[in-house]
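This report describes selected side-chain and backbone features of one protein chain. The sequence and the structure come first, and the description follows.

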Amino acid sequence: MPFMRQLSSEDIEALAVGAWILGTGGGGSPYHALLNLRRLYADGSRVDMIDIDDLHDDDAVAVVSVMGAPLVILERLVDSRLIARAVSAMEEHLGRKFKAVMAVEIGGGNGMQPLLAAAHLGIPVVDADAMGRAYPEAQMTSFAVGNLSPCPLTSIDPRGNEVVISQSATWKWMERVSRKVCTEFGSIAATCKAPRTGAEVKKWGIPRTTTKAINLGYAVNEANRRHADPIAAILKAESGRRLFTGKVVEVERRTTEGFLRGRTVIEGLGDDRASRIEIDFQNEWVVVWRDGRPMVSTPDLICVLDSESGEAIGTETIRYGQRTTVIALSAAEVFLTPRGLDHVGPRAFGYDLDFNSVFQS
């Protein structure tokens, strides 16, 4: 019998804080998912979490996320049963039941979605995801780097529309087709991605990222409780690097083709007073330019934090006047390989830049 950890109410609160930091600006705010989980826990539901190594090789694992533009996800309240319906629709398509559910990305609200599905379906959550953060496109997963199948996929909208993509030529075609469906749905859809076996999750999943997010959240909450520096607590917990401190002076953003795209400019304060940075984003923070030169890029995790509370700031919530601190956290090893960089390096986002990790300088 595999060991299962039952997640407490405190774990869920901490997960929301940690997942938002790992979201690197995207993945959707965890706030609505947290409200739904609080309600489910108040009604007596509980979520069990299973370690990645305790999966059986032939276990069927559902991989879930809410897809769309973070600004729309922030503004539209969605029934918590929607993500569970995406899993049920996949079960109906396959003719078999899932043993567990996991996140495609631990970052942002998508780090919480498998818990909602698990609470409604009565199955455990796997302590793993396929990004170690949030990325905007389907081919930007460890499963895609491993060249696993990109299909089938179920896509469900809040009005009751349901689509099954049973076949796609490549991961990029899956992204194009599913994004088009999502855009028609209004830039928000609950999705169950290509199912995985326990063996595939153990080989290509990024392990223990839910635990990582929970521990990160506890570090921030404890620092704030002791009136200590929450950003120092994050850097200590994840061996991260502080990059820049300043005030937001410009924000440009637009929702196009199911993504939130734009840039923000931050003027330095304190030791950074003589400088400014510009950060480009596509749902998530992608590249930071300091005084016109590239400073840090994906796959390094770029996290923009409230300088006082240490809470993450999303690309949909950043605004003029916010005092922010920008930090970098290290990427999962699978994305630092040549094939991984093909999927998530700066060129994958259209930038003519080589990746140079801030952790190698």
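At 46% relative accessibility, arginine 347 counts as partly exposed, because its value lies between the limits of 20% and 50%. The model is a predicted one. Arginine 347 forms a salt bridge with aspartate 354, and the closest N and O atoms of this pair are 2.6 Å apart. Aspartate 354 has a relative accessible area of 55%, so it is classed as exposed, the limit being over 50%.

## Salt bridges

How many salt bridges does the structure hold? The number is 24. Three of them are listed here.

| Acidic residue | Basic residue | Closest N and O atoms |
|---|---|---|
| Aspartate 51 | Arginine 208 | 2.8 Å |
| Aspartate 229 | Arginine 242 | 3.4 Å |
| Aspartate 354 | Arginine 347 | 2.6 Å |

The salt bridge of arginine 208 and aspartate 51 links distant parts of the chain, with the two positions 157 residues apart in the numbering. Arginine 208 lies in the loop between β11 (206-207) and α9 (209-225), while aspartate 51 lies in the loop between β2 (47-50) and β3 (60-68). Arginine 208 is partly exposed, at a relative accessible area of 36%, and aspartate 51 is partly exposed as well, at 21%.

Aspartate 229 and arginine 242 are 13 residues apart. Aspartate 229 is in the loop between α9 and α10 (230-238), and arginine 242 is in strand β12 (residues 241-256). Aspartate 229 has a relative accessible area of 35% and is partly exposed; arginine 242, with 40%, is also partly exposed.

Some salt bridges share partners: Glu250, Glu252, Arg263 and Glu278 are joined in this way into one network.

## A buried aspartate without a salt bridge

Aspartate 300 is in the loop between β16 (293-297) and β17 (301-306). Is this residue buried or exposed? Aspartate 300 is buried, yet it has no salt bridge. The nearest side chain of opposite charge belongs to arginine 133, 7.6 Å away. A salt bridge needs the nitrogen and the oxygen within 4 Å, so this distance is too long to count as one. The side chain of aspartate 300 does make a polar contact with the side chain of serine 357, at 3.1 Å. Beyond four places in sequence, the residues that aspartate 300 touches include Arg133, Leu329, Ala331, Phe355 and Phe359.

## Aromatic rings

There are three aromatic pairs in the structure. One of them consists of tyrosine 135 and phenylalanine 335, whose ring centres are 5.6 Å apart and whose planes meet at 75°, an edge-to-face arrangement. This pair links distant parts of the chain, 200 residues apart. Tyrosine 135 is in the loop between β6 (128-129) and α6 (142-145), and phenylalanine 335 is in the loop between β18 (323-329) and α11 (338-344). Both tyrosine 135 and phenylalanine 335 are buried.

Phenylalanine 281 and tryptophan 285 form another edge-to-face pair, with 5.5 Å from centre to centre and 85° between the planes. Phenylalanine 281 has a relative accessible area of 4% and is buried; tryptophan 285, at 1%, is buried too.

Charged groups also lie over rings. The charged end of arginine 133 sits over the ring of tyrosine 135, 3.9 Å from the ring centre. In a similar way, the charged end of arginine 196 sits over the ring of phenylalanine 143, 4.9 Å from the centre.

## A buried leucine in helix α1

Leucine 15 belongs to helix α1 (residues 9-22). Its relative accessibility is 1%, so it counts as buried, the limit being under 20%. Leucine 15 and glycine 108 are 93 residues apart in sequence, but their C-alpha atoms are 9.5 Å apart in space. Outside its neighbours within four places in sequence, leucine 15 has contacts that include Ile106, Met112, Leu115, Thr210 and Ile214.

## Backbone details

Which peptide bonds are cis? The bond from cysteine 151 to proline 152 is cis, with omega near 5°. Proline 152 is in the loop between α6 and β7 (153-156). The bond from threonine 298 to proline 299 is also cis, with omega near 15°, and proline 299 is in the loop between β16 and β17.

Histidine 227 is not a glycine, yet it has a positive phi of about 60°. Histidine 227 is in the loop between α9 and α10 and is exposed, at 76% relative accessibility. Aspartate 291 likewise has a positive phi, of about 50°. Aspartate 291 is in the loop between β15 (284-290) and β16 and is partly exposed, at 49%.

Terms used. Residues numbered from 1 in each chain as written. Predicted model: local features only at pLDDT ≥ 70, side-chain atom pairs only at ≥ 80, totals over all residues. Heavy atoms only, no water. Phe/Tyr/Trp six-rings, centres within 6.5 Å; stacked < 30°, edge-to-face > 60°. Helix = DSSP H or I, 4+ residues; strand = E, 2+ residues; numbered from the N terminus. Buried < 20%, exposed > 50% of the residue type's maximum accessible area, 1.4 Å probe, protein only. Lys NZ or Arg CZ within 6 Å of the ring centre and 35° of its normal. Contact = heavy atoms within 4.5 Å. Lys, Arg positive; Asp, Glu negative; His and termini not counted. Polar contact = N/O pair within 3.5 Å; in protein donor to acceptor, adjacent residues only side chain to side chain.
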